[in-house]
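Visitor: I have a model open and would like to go through it with you. Could you put it on screen?

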Amino acid sequence: MDIHKVIATDATVALIDQLERKHGPVIFHQSGGCCDGSSPMCFSQSEFKPGKHDYYLGDLGQAPFYISKDQYDYWKHTQLIIDVVKGRGGMFSLENPTGRRFLVRSRVFTNEERQALKAQSDTL
């Protein structure tokens with residue numbers, strides 16, 4: 001069983017494709033920062049470098065997704081589902097001018113999925 005810690009909806013993948021056509025490769029970062037709360041932020045890969053306290057969760061299409069350690073500690077038992085809704089994105093996030101924004105939805109992993117994740121991390 002291959003379990004993903006972060007996944008994207010079809011609408012998210014479509015918006016990522018649009019942003020990559022305009023800005024080149026993109027990267028996501030999820031923080032609990034003060035400015036944009038818990039909004040997932042999308043940046044050009046050339047303009048954002050993950051820090052040593054950021055965890056890589058997986059890719060949304062070709063876009064790597066990182067989360068700050070503090071946020072990961074809160075959400076480590078959940079699968080993050082990155083979706084798109086109408087509205088303004090984070091003030092520094094690339095989707096801001098599109099009239100849509102990325103949104104985190106989540107669900108708690110089942111016991112079986114938690115065991116599979118543990119097995120996956122033991123083999124990495």
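Guide: Please note that this is a predicted model. A good place to begin is strand β6, residues 78-86, which pairs with β7 in the antiparallel sense over nine bridges.

Visitor: Which residue stands opposite Val-84 there?

Guide: Phe-102 in β7 is the residue opposite Val-84.

Visitor: What is the strand order of the sheet?

Guide: The order is β1-β6-β7, an open sheet of three strands with mixed pairing. The edges are taken by β1 (6-8) and β7 (100-108); each has a single partner strand, so one side of each is left without a neighbour in the sheet.

Visitor: And by how much are neighbouring strands turned against each other?

Guide: On average by 30° in this sheet, with direction ignored.

Visitor: Let us turn to the overall fold. How many helices and strands does the chain have?

Guide: There are three helices and seven strands in the chain. Along the sequence they follow the pattern β-α-β-β-β-β-α-β-β-α. The chain has a radius of gyration of 14 Å, close to the 14 Å that the globule rule gives for 124 residues, so it is as compact as a globular protein of that length.

Visitor: What does the C-alpha trace span, and what share of the residues is buried?

Guide: The trace spans about 40 × 30 × 25 Å along the principal axes of the chain. Of the 124 residues, 40% are buried.

Visitor: Now the empty space. How many cavities of 30 Å³ or more are there?

Guide: The count comes to one cavity of 30 Å³ or more. About 40 Å³ of space lies in this largest cavity. Its lining consists of Lys-5, Leu-57, Ile-67, Tyr-72, Trp-75, Lys-76, Thr-78 and Leu-80.

Visitor: Which elements give two or more residues to that lining?

Guide: They are α2 (69-75) and β6. By character, the lining residues of the cavity divide into five nonpolar, one polar and two charged.

Visitor: What about pockets? What volume does the largest one have?

Guide: The largest pocket has a volume of about 480 Å³. It is lined by 20 residues, and the closest to its centre are Lys-5, Tyr-72, Leu-117, Gln-120 and Ser-121.

Visitor: Which elements supply at least two residues each to the pocket lining?

Guide: Both β4 (54-60) and α3 (111-123) do so.

Visitor: How does the pocket lining divide by residue character?

Guide: Nine of its residues are nonpolar, five are polar and six are charged. Lys-5 and Tyr-72 appear in the cavity lining and are also listed for the pocket.

Note on methods:
Residues are numbered from 1 along each chain as its sequence is written. This is a predicted model: local features need pLDDT of at least 70, side-chain atom pairs count only at pLDDT 80 or more; totals for chains, interfaces and linings use all residues. Side-chain values use heavy atoms; hydrogens and water are left out. Two strands pair if DSSP finds at least two bridges between them. Helices (H or I, at least four residues) and strands (E, at least two) are DSSP runs, numbered from the N terminus. Axes are lines fitted to C-alpha atoms, for helices over the stretch in contact, and angles run from 0 to 180 degrees between N-to-C directions. On a 1 Å grid over the protein atoms alone, a cavity is a set of points where a 1.4 Å probe fits but cannot get out, and a pocket is an open set with protein on both sides within 12 Å along at least five of seven lines; lining residues have an atom within 4 Å of a point. Grid points are joined across faces, edges and corners, and a volume is the space filled by probe spheres set on the points. Ala, Val, Leu, Ile, Met, Phe, Trp, Tyr, Cys and Pro count as nonpolar, Asp, Glu, Lys and Arg as charged, and the others, Gly among them, as polar. The radius of gyration is taken over C-alpha atoms; the globule rule is 2.2 Å times the number of residues to the power 0.38. Buried means under 20% relative accessible area, exposed over 50%, partly exposed in between (1.4 Å probe, protein chains only).
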